[in-house]
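Could you walk me through this structure, stop by stop? I have it open in my viewer and would like to know what to select next.

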2 protein chains.
Amino acid sequence: MTPSLRGDLFDPACPTRRLLDRIGTKWTSMAVKVLAEADPREVRFAELQRRMPGVSKKMLSVTLRSLTNDGLVSRRVEPTVPPKVHYRLTDLGRSLEVPLAALRNWAEEHMAEIDRANAAD
Amino acid sequence: MTPSLRGDLFDPACPTRRLLDRIGTKWTSMAVKVLAEADPREVRFAELQRRMPGVSKKMLSVTLRSLTNDGLVSRRVEPTVPPKVHYRLTDLGRSLEVPLAALRNWAEEHMAEIDRANAAD
DNA sequence: CTGAATCCCTTAAGATACTG
DNA sequence: CAGTATCTTAAGGGATTCAG
């Protein structure tokens, strides 16, 4: 592993910074969560949109393409008419769910404190 | 705890979404990490800037103010001329370091896979 | 030394409309 | 059904300048 791939946030190519750039976008973490909790694990586009209230088709499409390019989500097309497209988390995507869930737990436990701090000013 | 504060990412006020909005900004996680690893724990503005290569004074200022308002960082001013301003993580801030470190570990282990997925296309 | 204020540029993301 | 194309707006972030 080269030094630039190690843990210094000082590097502009720092892996943590780059990871946060991805999961920090508005719909990514929600999509990962919804897919992680899906049973069966494959979910179609329209069903995903239904489970992610507020997301537009465009943003869902952008989000899923990005996740697919990153190898976190796999995409399977049934060449029917009309087409059916199924999405599911890859193993890599499921492994990301672990630290992401930790972050969710922290958020649920502590965001109220943050709100209080802001209210206090 | 009201339903809107629970774990549904569907709520626009979802705590996870709001947490990610914060730590997803460019310099926040770096600042938390640098402060978490600081010894002694208090660090002055200019020293922080030195330990965060690339950050401008403006963005460091904005980042620290936001962290301070959130109660994650405390700020102590020595009313000398010129003034000295010291920053340190609060207990809340240190608790956030735990899931954040988990995310860093994941990034260091797996970002290379993501890069490979993108290269493969 | 610390950090607020201003200007400007780039990008995320919403709305809308259209296609295989 | 599952997207793409285009336009517009809002926010992040950099450079520079000013002030306590």
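Here is a short tour of one DNA strand and the protein around it.

This is a predicted model, in which local features need pLDDT of at least 70 and side-chain atom pairs pLDDT 80 or more, while totals for chains, interfaces and linings use all residues. Residues are numbered from 1 along each chain as written, chains are lettered from A and ligands numbered from 1 in the order written, and side-chain values use heavy atoms, without hydrogens or water.

**Stop 1: DNA strand D.** Select it with the 19 residues around it, each having a heavy atom within 4 Å of the strand. A:S61, A:R75, A:Y87, B:K26 and B:K58 come nearest. These surroundings divide into nine nonpolar, two polar and eight charged residues (Ala, Val, Leu, Ile, Met, Phe, Trp, Tyr, Cys and Pro count as nonpolar, Asp, Glu, Lys and Arg as charged, the others, including Gly, as polar). On the DNA side, 67% of the strand D atoms within 4 Å of the protein belong to sugar or phosphate, and the rest to bases.

**Stop 2: three side chains.** Polar contacts here are pairs of N or O atoms within 3.5 Å. Show A:R75, with a side-chain N or O atom 2.5 Å from a phosphate oxygen of strand D. For A:S61, the distance to a phosphate oxygen is 2.8 Å. A:R44 places a polar side-chain atom 2.8 Å from a sugar or linking oxygen.

**Stop 3: α4(A).** Colour this helix (a DSSP run of H or I, at least four residues), residues 57–69. With four residues, α4(A) gives the most to the surface near strand D.

Definitions and conventions
A polar contact is a pair of N or O atoms within 3.5 Å; within protein, one must be able to donate a hydrogen and the other to accept it, and residues adjacent in sequence count only if both atoms are side-chain atoms. Helices (H or I, at least four residues) and strands (E, at least two) are DSSP runs, numbered from the N terminus.
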